[in-house]
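These are my notebook entries on a single structure, kept in the order in which I looked things up. I begin with burial and then go on to the core, the cysteines and the surface.

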Amino acid sequence: VRENCRLLITGAAGTGKGELALSRAGDLASRGRKTALLCENPLLAQRLAQRPGLHAVEVCDRKEFLEQ
């Protein structure tokens, strides 16, 4: 996980995908890397964007990201 620039994390609901993604995004951003965390669900993206410690991570849903 630490060596990949891009990751696709899949799995059933409640398996920790989001927590893994948040951890990795925060780690990259804390080291000065430009970091985006994309979600399929717009409500989840809004919720994650409000999490403490992710101010340097761009969090948005996939549609919003593609429209930028």
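**Entry 1, burial.** Before reading any accessibility I fix the terms: a residue is buried when its relative accessible area is under 20%, exposed when that area is over 50%, and partly exposed in between. I also note that this is a predicted model.

I looked up Leu28 next, which has its place in helix α1. Its relative accessible area is 14%, and because this is under 20%, I enter Leu28 as buried. Not counting residues up to four places away in sequence, I find that Leu28 touches Arg33 and Thr35. I also checked Leu28 against Ala56, which is 28 residues apart from it along the chain, and the C-alpha atoms of the two are separated by 9.5 Å.

**Entry 2, the core.** Which residues make up the largest nonpolar core? I list 11 residues in all: Ala21, Leu22, Ala25, Ala29, Leu37, Cys39, Ala45, Leu48, Leu54, Val57 and Val59. The elements that give two or more residues to this core are α1, β1 (35-39), α2 (42-49) and β2 (57-61), and of these α1 gives the most, with 4 residues.

From the core I picked Leu22 for a look at its contacts, and with residues up to four places away in sequence left out, Leu22 touches Leu37, Leu48, Arg51 and Leu54.

**Entry 3, the cysteines.** How many disulfides does the structure hold? I find 0. For Cys39, the closest cysteine sulfur is that of Cys60, and since the two sulfurs are 8.1 Å from each other, while a disulfide needs them within 2.5 Å, the pair is too far for a bond.

I then asked whether each of these cysteines is buried or exposed. Cys39 is buried, with a relative accessible area of 8%, and Cys60 also counts as buried, at 1% relative accessibility. I note again that Cys39 belongs to the largest nonpolar core.

**Entry 4, the surface.** Last, I looked for nonpolar side chains on the surface, and I find a patch formed by Leu7, Ile9 and Leu20, which together have about 240 Å² of accessible area. Of these I followed Ile9, which lies in the segment before α1 (17-30). Is Ile9 buried, partly exposed or exposed? Its relative accessibility is 34%, which falls between the cut-offs of 20% and 50%, so I enter Ile9 as partly exposed.

Methods
Residues numbered from 1 in each chain as written. Predicted model: local features only at pLDDT ≥ 70, side-chain atom pairs only at ≥ 80, totals over all residues. Heavy atoms only, no water. Patch = residues over 30% accessible without salt bridge, like charges linked within 9 Å, V, L, I, M, F, W, Y side chains within 5 Å. Areas by Shrake-Rupley, 256 points an atom, 1.4 Å probe, with all protein chains shown as cover. Salt bridge = Lys/Arg side-chain N within 4 Å of Asp/Glu carboxyl O. Buried < 20%, exposed > 50% of the residue type's maximum accessible area, 1.4 Å probe, protein only. Contact = heavy atoms within 4.5 Å. Core = buried A, V, L, I, M, F, W, Y, C linked by side-chain atoms within 4.5 Å.
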